[in-house]
Amino acid sequence: MAMAAAGLVGPVLGGRGAGVTPPPVTPSPVPQQLLPAQGPGEAAAAAHALSLPAEAFGNDPRVELAWAMKAHQHAQVYFNLISSVDPKFLNLTKVDDRIYEEFRKTFRDLKIDVLDPEDLKSEAAKEKWRPFCLGFEGVVEDFNYGTLLRLDCHQGYTEENTIFATRIQFFAIEIARNREGWNSFVYSSARELGAEEPVSG
């Protein structure tokens, strides 16, 4: 039985890969619950602002903070998901099979347990990723949306273990990690930790 887990990633600025010109990012509204420190008026204004084209903002720190908050929450949701559900049963999109097949056809030898940032960010890598990513335009919603991706799949989302990627790169690598058993370590570790915790009551 497969479990769907779509819409888990969002845009972010900063992290590893900051300073590298990211691909175009498609904004989407931020739900009010993602901005808990703000009142309803500020949250509504921020949600509206995030639905506008990026060119409308320049380097507005409030927008960067909202993007970072959303990306961080999505990263937490995904990590909690693979910690609590066996990743081999997860479907992240409606087209996981196609993404995986195209990914492994294009990146047959890419080492995905511990990613080398150069495999995503070098000029040669960008040339290889570009046609792959564009192949999912109109297939995967917000395929070029900015996303946080773990470098080492045995670890969580930390500043040192995170890189900026597009949504389709995230899906391709995480679907492969799930299918090839790399994310099972996170799931097994969480289960072992849960078994060690004393039951109160």
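E180 is partly exposed, at a relative accessible area of 30%. In this predicted model, the side chain of E180 forms a salt bridge with that of R104, with N and O 2.9 Å apart. E180 sits in the loop between α6 and α7 while R104 belongs to helix α3, so the bridge ties together parts that are 76 residues apart in sequence. R104, with a relative accessible area of 15%, is buried, because the limit for a buried residue is under 20%. At 30%, E180 is over that limit and is therefore partly exposed.

**Overall make-up**

The protein has 7 helices and 4 strands. Along the sequence they come in the order β-α-α-β-α-α-α-β-β-α-α. Of the 201 residues in the protein, 42% are buried. The exposed area of the protein is about 10900 Å², and carbon and sulfur atoms supply 55% of it. Contacts between residues at least 6 apart in sequence include many long-range ones: 73% of them join residues at least 24 apart.

**Helices α3 and α6**

Two packed helices are described by the angle between their axes and the distance between the axes. Helix α3 covers residues 96–106 and helix α6 covers residues 167–179. Their axes are 9 Å apart, and the packing angle is about 90°. The two helices are therefore roughly perpendicular to each other, since angles of 65 to 115 degrees fall in that class.

Which residues of α3 meet α6? On the α3 side they are D96, D97, I99, Y100 and F103. On the α6 side they are I168, F171, A172, I173, I175, A176 and R179. Sorted by class, this contact between α3 and α6 holds 9 nonpolar residues, 3 charged residues and no polar ones.

**Salt bridges**

How many salt bridges are counted in the protein? The count comes to 9. The table lists some of the pairs, with the N to O distance for each.

| Pair | N to O distance |
|---|---|
| R104 and E180 | 2.9 Å |
| D113 and K111 | 3.5 Å |
| E127 and R130 | 2.8 Å |

In the pair formed by D113 and K111, D113 counts as buried, with 13% relative accessibility. The pair of E127 and R130 lies within one helix, α5, which runs over residues 123–134. E127 and R130 are 3 residues apart there, which means that about one helical turn separates them. R130 is partly exposed, with a relative accessible area of 41%. Salt bridges also link R150, E174 and R177 in a network.

**Residue S184**

S184 is part of helix α7, which spans residues 184–196. Is S184 buried, partly exposed or exposed? Its relative accessible area is 23%, so S184 is partly exposed: the value is not under 20%, as a buried residue requires, and not over 50%, as an exposed one does.

Leaving aside residues up to four places away in sequence, S184 touches D86 and P87. S184 can also be placed relative to C153, which is 31 residues away in sequence. The C-alpha atoms of S184 and C153 are 9.4 Å apart in space.

Technical notes:
Residues are numbered from 1 along each chain as its sequence is written. This is a predicted model: local features need pLDDT of at least 70, side-chain atom pairs count only at pLDDT 80 or more; totals for chains, interfaces and linings use all residues. Side-chain values use heavy atoms; hydrogens and water are left out. Buried means under 20% relative accessible area, exposed over 50%, partly exposed in between (1.4 Å probe, protein chains only). Contact means heavy atoms within 4.5 Å. Axes are lines fitted to C-alpha atoms, for helices over the stretch in contact, and angles run from 0 to 180 degrees between N-to-C directions. Angles under 35 degrees count as roughly parallel, over 145 as roughly antiparallel, 65 to 115 as roughly perpendicular and the rest as oblique. Ala, Val, Leu, Ile, Met, Phe, Trp, Tyr, Cys and Pro count as nonpolar, Asp, Glu, Lys and Arg as charged, and the others, Gly among them, as polar. A salt bridge is a side-chain nitrogen of Lys or Arg within 4 Å of a carboxyl oxygen of Asp or Glu. Accessible areas come from the Shrake-Rupley method with a 1.4 Å probe; for residues, only the protein chains shown count as cover.
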